[in-house]
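This report covers a helix and its surroundings, then a sheet and the helices that pack on it. Please look over the structure before reading on.

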Amino acid sequence: LSAFRQREAVSAVGSSNMENDISLKFRQQLFLISENLVSEDVAALKFLCTDLLNLRKLEGVKSAVDIFKLLMAQEYLNAEDTFLLAELLYRIKCHSLLEKIGYTKEKVQERLSEKGRISPYRQMLYELSENITSEMLKKIIFLLQNHLPKRWTILSALDLLTSLEKQGLLTKDNVKILEDVCMTVSPDLLETIDCYKKGKGEKIKTKNKNNQKMFRIYLLNMIMLSCMEELFLSLKQYFKYKKWSIVAKLLFAASTNIALIFINIYAGFFLDNKAASFTQCFSELNLELRGEFSNTIKSYKMDGPRRGFCLIINNVNFNGSQRKGSCKDAEQLERVFTWLGLEVRTYTDLTSGEMINLMETWQHMQDHQDRNCFICCILSHGKSGAIYGTDYRLVSIRVLTSHFTAKQCPQLAAKPKLFFIQACQGDKVQRPVYVDTDGPTPDLSSVQERISLYESIPEEADFLLGMATVDGYVSFRHIEEGTWYIQALCSKLQLLVPRGEDILSILTQVNEDVARRDSPSGTKKQMPQPAYTLRRKFIFPIPMAPPPS
């Protein structure tokens, strides 16, 4: 009997140790996730958990760990069931963190209808907050001034929505106050609210014909005024520089666009044609009661007071040899990105160690906090997945870019980070007359190791890597006019940013431009390649000044 009790005690201790190990591992996972979440993510998690946790306790939350503790205390989260945490990370688009708890984006999507806990109402409010820009928020606060308590500090759209809920002005069954302000500030926000109401089975009230007509007239007037204002500002600049051909093109384009807008909106106004009605101008969103909003692609917020920094690393001199034409690239990049509102810093002839040190310096720059984005352009020799310093030592592109992940550089978390690399990625093309390759003299006896382009960018969101060429191949540089890739990039940015194109569309045009070019012999080609983990469209605000060239 004594021996039996001894074995039973040993078994209990072993079981207890195993449970402790599981608990420790689980808490370590939660801690790692918390370390990768910034203050905006924590605010989003608090908001999404509003229906699940005690409001007073939520107000005391300072970090993601605090939220995890509350969820565990209420038995929403434990080592055996982590789906609620997976859903929360999915909702705030931190998809790269899902793997830490054994999920992927696709696995979460599959189980949402069965296990999802975040209500459609909470989803709708969060989705709405993500689409409200800082300018819209100022207007909404002004409109709701009499409804907001004076002691309440509104710092974000989530703060605003929380305040309205606390006062009972906003509930899952009454979103009229939101509809009213959205109609005034930005009618397209109504789609998100209508989508929620449809998911509830609530009928969307159809406005009578007079209201529809008045709305179309209001919309047309707003668009016409906006177009005329933009046109006037653009013409003013071009008149100043006496660029008459551009003035003529602008006037023609403006008249054509205004005519198209007029036809689109008034087709439904005059013809009562459902297929042509205004509501068809927007794609409908579908939200099931336990489903989610459709994947409409939103844009990164670029309306801050300062656009961001642009670093240019221009490696020209390599132990007696020069990358002739590279200074032309650096000058053009500086002009274009300054025109786009960035603060440009240029660094010349850096060794491999100096490039790493420079990345570390900018990684800890506090000034990123009030900027919208970060851009880095590197002009040098290169090899597969790496860049040469002027000391002919290679630095992995991954090493350079990983300094700016959310964990390493929290000030740039959730903001777009763009890297443009002008360098060879192999030695497959020989150097023709008047054209240099951006790689060292090939060593034909060596076999080049290949690195996937996607291995060069961090495994998290908001990065874009624009490479001058595909892996294994050279890129071309004219000794006087600069490189094909950088010159095409600068040209397309100047042409397409004023048209409102996003960066991926612009890079597609860059690909086409470079692909059409030939070396002097007519037999050598080049194909750029972008890789990205952007979550939204990246669109530069249209500059007031004319393009630099």
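## After helix α5

In this predicted model, helix α5 is followed by Lys93, a residue with a positive phi, near 65°.

## The burial of α5

Helix α5 covers residues 83–91, and 9 of its 9 residues are buried, so the rest of the structure largely encloses the helix. A residue counts as buried when its relative accessible area is under 20%. The buried residues of α5 include the charged-name pair Glu87 and Arg91. Also among them are Phe83, Leu84, Leu85, Ala86, Leu88, Leu89 and Tyr90.

## The open sheet

An open sheet is built from 6 strands with mixed pairing, in the order β4-β1-β5-β9-β11-β14. The edge positions belong to β4 (343–348) and β14 (529–532); each has a single partner strand, so one side of each lacks a neighbour in the sheet. From one strand to the next, the twist averages 10°.

Within this order, β5 (residues 371–379) and β9 (residues 417–422) run parallel and are joined by 6 bridges. Leu379 has Gln422 in β9 as its bridge partner.

## Helices on the sheet

Helix α15 (residues 352–363) packs on the sheet, where it touches β1 (306–314), β4 and β5. The direction of α15 makes about 170° with that of β1.

Helix α17 (residues 484–496) also packs on the sheet, and its contacts are with β5, β9 and β11 (463–467). Between the directions of α17 and β9 the angle is about 140°. Strand β5 is thus touched by α15 and by α17.

Notes. Residues numbered from 1 in each chain as written. Predicted model: local features only at pLDDT ≥ 70, side-chain atom pairs only at ≥ 80, totals over all residues. Heavy atoms only, no water. Buried < 20%, exposed > 50% of the residue type's maximum accessible area, 1.4 Å probe, protein only. Helix = DSSP H or I, 4+ residues; strand = E, 2+ residues; numbered from the N terminus. Pairing = 2+ DSSP bridges. Axes fitted to C-alpha atoms, helices over the stretch in contact; angles between N-to-C directions. Contact = heavy atoms within 4.5 Å.
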